[in-house]
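Reader: I would like a close look at one part of this structure, and then at what lies around it. Please go step by step and keep to what can be read from the model.

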Amino acid sequence: MGKEEFDYNKKLSDIKYSSQQQCSTLNYRPEMVVSDECSNAQIQLFQNRIGILRWTVQLERIDIAYELSILSRCLDQPRTEHLVQALHIFNYFDQHKNNELAFDLA
C-alpha cells in the first residue's frame with residue numbers, strides 16, 4: 001500500500017472520478033495496471049465480489065460476462081484499481097436495475 005490508505009468508497013462516491021480505463025473497453029489489460037497492491041482485507045473483498053458476480057452471471061446477468069472474465073484474471077494478486085473496477089460493476093447494477101435483455105429466438 002502507498003502512504004495514503006486506499007478509500008474505494010470515496011472514489012465511487014465522487015461523481016468526477018473516472019478510472020483511467022474502464023474494464024469494459026476492449027483494450028483494457030488488468031495485468032498492466034500500476035496502482036497499489038491490495039491489503040489482505042481488500043483481496044478478500046475483491047475475491048468475494050468476483051464470486052458474487054460469477055454467480056450473478058450464471059443466473060441472469062450475462063451483460064457483464066466479458067468484464068467479469070477480464071477481472072477474474074487478477075484473483076490472486078489484485079490491485080486497488082481492480083477492486084474499484086469490480087465495485088463499479090455493482091454501481092452499474094444500481095443504475096440499470098430495470099433493464100432487460102431481449103433475445104430473438106428466430
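Author: A residue counts as buried under 20% relative accessible area, as exposed over 50%, and as partly exposed in between. The model is a predicted one. The part chosen here is a group of aromatic side chains: Phe90, Tyr92 and Phe93 form one aromatic cluster.

By the cut-offs above, Phe90 is partly exposed, because its relative accessible area is 22%. Tyr92 is also partly exposed, with a value of 29%. Phe93 has a relative accessibility of 14% and therefore counts as buried. In the pair that Phe93 makes with Tyr92, the ring centres are 6.2 Å apart and the planes stand at 50°, so this pair is tilted. An angle over 60 degrees would have made a pair edge-to-face, and one under 30 degrees would have made it stacked.

The structure holds two aromatic pairs. In the pair of Phe90 and Phe93, the centres are 6.1 Å apart and the planes meet at 85°, so the arrangement is edge-to-face. Phe93 thus takes part in the edge-to-face pair with Phe90 and in the tilted pair with Tyr92.

Next comes the helix that carries these rings. Phe90 and Phe93 both belong to helix α4, residues 80-95, and are three residues apart, about one turn of the helix. This helix has 16 residues, and its span from the first C-alpha to the last is 23 Å, close to the 22 Å expected at 1.5 Å a residue. The buried residues of α4 are Thr80, Glu81, His82, Leu83, Val84, Gln85, Ala86, Leu87, His88, Ile89 and Phe93.

One of these, Ile89, also has a place in the nonpolar core. The largest nonpolar core has 14 residues, and Phe46, Ile50, Leu53, Ile64, Leu71 and Ile89 touch the most other members. Two or more residues of this core come from each of α2 (40-59), α3 (65-71) and α4.

Leu53 links this core to the aromatic rings. Leaving out residues up to four places away in sequence, Leu53 touches Ile64, Leu68, Ala86, Ile89, Phe90 and Phe93. Two members of the aromatic cluster, Phe90 and Phe93, are therefore among the residues in contact with Leu53.

Another residue in that list, Leu68, lies in helix α3. Leu68 is buried, because its relative accessibility is 5%. Apart from residues up to four places away in sequence, Leu68 touches Ile50, Leu53, Arg54 and Val57. Leu68 and Ala86 are 18 residues apart in sequence, and their C-alpha atoms are 8.0 Å apart in space.

Phe93 has a further contact, with Thr56, which is found in helix α2. Thr56 counts as buried, at 13% relative accessibility. Neighbours within four places in sequence aside, Thr56 is in contact with Arg61 and Phe93.

Arg61 leads on to the charged pairs. The count of salt bridges comes to two. In one, the side chains of Asp63 and Arg61 meet at 2.9 Å, N to O. Arg61 is buried, at 14% relative accessibility, whereas Asp63 is partly exposed, at 26%.

The other salt bridge joins Arg79 and Glu37, at 3.8 Å, N to O. Arg79 sits in the loop between α3 and α4, and Glu37 in the loop between α1 (8-13) and α2, so the pair ties together parts that are 42 residues apart in sequence. Arg79 counts as partly exposed, since its relative accessibility is 25%.

Last, the whole protein, as a frame for these details. Its secondary structure comes to four helices and zero strands, and from the N terminus on the elements run α-α-α-α. Of the 106 residues of the protein, 35% count as buried. Among contacts between residues at least 6 apart in sequence, 82% join residues at least 24 apart. The protein exposes about 7600 Å², of which carbon and sulfur atoms supply 49%.

Methods: Residues numbered from 1 in each chain as written. Predicted model: local features only at pLDDT ≥ 70, side-chain atom pairs only at ≥ 80, totals over all residues. Heavy atoms only, no water. Phe/Tyr/Trp six-rings, centres within 6.5 Å; stacked < 30°, edge-to-face > 60°. Buried < 20%, exposed > 50% of the residue type's maximum accessible area, 1.4 Å probe, protein only. Expected span 1.5 Å × (residues − 1). Core = buried A, V, L, I, M, F, W, Y, C linked by side-chain atoms within 4.5 Å. Contact = heavy atoms within 4.5 Å. Salt bridge = Lys/Arg side-chain N within 4 Å of Asp/Glu carboxyl O. Areas by Shrake-Rupley, 256 points an atom, 1.4 Å probe, with all protein chains shown as cover.
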